[in-house]
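User: I'd like to learn how to read the packing in this model. Could you take me through it feature by feature?

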Amino acid sequence: MSKYLQITDYLVRFLENEVKKTGLKNVVVGLSGGLDSAVVAVLAKKAFGDDLLCVKMPSQYSSQSSLDDANALCRDFDLRNITCTIEPMLRAYEAMHKDLDNLRKGNFSARMRMATLFDISAQESALVLGTSNKSELMLGYGTLYGDLASAINPIGDLYKSEVFELAAYLGVTEAIIKKPPSADLWDGQSDEADLGYTYEQLDAAMKLYVDERLSREDTIAKGVDAKMLDMIIQRIFRNHFKRKMPVIAKLTSRTLGHDFNYPRDITL
């Protein structure tokens, strides 16, 4: 059996089971025209059919190719979809803050998209599906309470290079697979340019350091560039707060997050 057939079957069951536990049946996903959201949308379509709603949330910085790719994916996989632009909100905020740099602009855009998506989820009685991959989560390459926010994430344990392979197996639109990864947060933004290395290079190093738990020295001995590995290690530990719920100061004997950890699937 194909590796990605097994992964697909497992992730579809995972989505079905995790949503069922909540008592809900509908899900929403933000569809950007990029690889990660495309893969999550196709998996969710397999799991939920028309109980999936894809939400396109372009801004004035979204490329036409991203919009075209998102539309093509919806057509090819018969995805129920709507468009809710964040442009008016972003323009209003830019008018208020003339000193807005690209980082702040990108973070604000990501949070406006997630605020929009969670509002639609309330309207639809739906859960928000996450689209952050393992590479992004380990490196902290995402916006807290923006693209990192979700109720359920089916691809968070797949490195970006593995998401590419899963996308090819699922038959995701070729244009989406071949284009350079970008969150379309500002003009000319590119993931790999921001990070300074390709996902192929980063993932190979993280598979050794994170998954195989090799030391820094042993990872370098495997041929990994020392400067890149030091950047990876720094980002993994510096951004750990993005991978956890807010830390609560412990004052009582039953503190949420410390002692109050009931199983997610507890039944009454």
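User: Let's start with helix packing. At what angle do α1 and α7 pack, and how far apart are their axes?

Analyst: A general idea comes before the case: two packed helices are described by the angle between their axes and the distance between the axes. In this predicted model, α1 and α7 pack at about 90 degrees, and their axes are 10 Å apart. Angles from 65 to 115 degrees count as roughly perpendicular, so α1 is roughly perpendicular to α7.

User: Which residues make that contact?

Analyst: From α1 come K3, Y4, L5, I7, T8 and L11, while α7 brings E162, E165, L166, Y169 and L170. Sorted by class, the contact of α1 with α7 has seven nonpolar, one polar and three charged residues.

User: And how do α1 and α2 pack?

Analyst: Their angle is about 65 degrees, and the axes are 9 Å apart. The crossing of α1 past α2 is right-handed. On the α1 side you will find T8, L11, V12, L15, E16 and V19, which meet L43, A44, K46, A47 and F48 of α2. By class, the contact of α1 with α2 has eight nonpolar, one polar and two charged residues.

User: Next, the cores. Which residues touch the most other members of the largest nonpolar core?

Analyst: The general idea is that, in soluble globular proteins, nonpolar side chains tend to be buried together. Here the largest nonpolar core has 37 residues, and V39, L43, L73, L129, L166 and V172 touch the most other members. Elements that give two or more residues to this core are α1, β1 (26-30), α2, β2 (52-56), α3 (64-77), α7 and α8 (174-178). The most comes from α2, with 10 residues.

User: What is L43 in contact with, leaving aside its neighbours within four places in sequence?

Analyst: L43 is in contact with T8, L11, V12, L15, I155, L166 and L170. Apart from the largest core lies another, of 20 residues, including L195, Y199, Y209 and V224.

User: Let's look at α10. Which of its residues are buried?

Analyst: A helix has a useful rhythm: an α-helix has 3.6 residues a turn, so residues three or four places apart point the same way. In α10, which spans residues 199-211, the buried residues are Y199, L202, D203, A205, M206, L208 and Y209. Their cover includes α6 (134-139), α7, α9 (191-195), α11 (216-221) and α12 (226-238).

User: My last topic is backbone angles. What phi does R213 take, just after α10?

Analyst: As background, most residues other than glycine have a negative phi, and most peptide bonds are trans. R213 is not a glycine, yet its phi is positive, about 60 degrees. You will find R213 in the loop between α10 and α11. With a relative accessible area of 73%, R213 is exposed. The C-alpha atoms of R213 and R235 are separated by 16 Å, and these residues are 22 residues apart along the chain.

User: And where is S125 found?

Analyst: S125 sits in the loop between α5 (102-124) and β4 (126-128). S125 has a positive phi of about 50 degrees, although S125 is not a glycine. Its relative accessible area is 45%, so S125 is partly exposed.

Methods: Residues numbered from 1 in each chain as written. Predicted model: local features only at pLDDT ≥ 70, side-chain atom pairs only at ≥ 80, totals over all residues. Heavy atoms only, no water. Buried < 20%, exposed > 50% of the residue type's maximum accessible area, 1.4 Å probe, protein only. Helix = DSSP H or I, 4+ residues; strand = E, 2+ residues; numbered from the N terminus. Contact = heavy atoms within 4.5 Å. Core = buried A, V, L, I, M, F, W, Y, C linked by side-chain atoms within 4.5 Å. Axes fitted to C-alpha atoms, helices over the stretch in contact; angles between N-to-C directions. Parallel < 35°, antiparallel > 145°, perpendicular 65-115°, else oblique. Nonpolar A, V, L, I, M, F, W, Y, C, P; charged D, E, K, R; others polar. Left-handed = near helix turned anticlockwise from the far one by under 90°.
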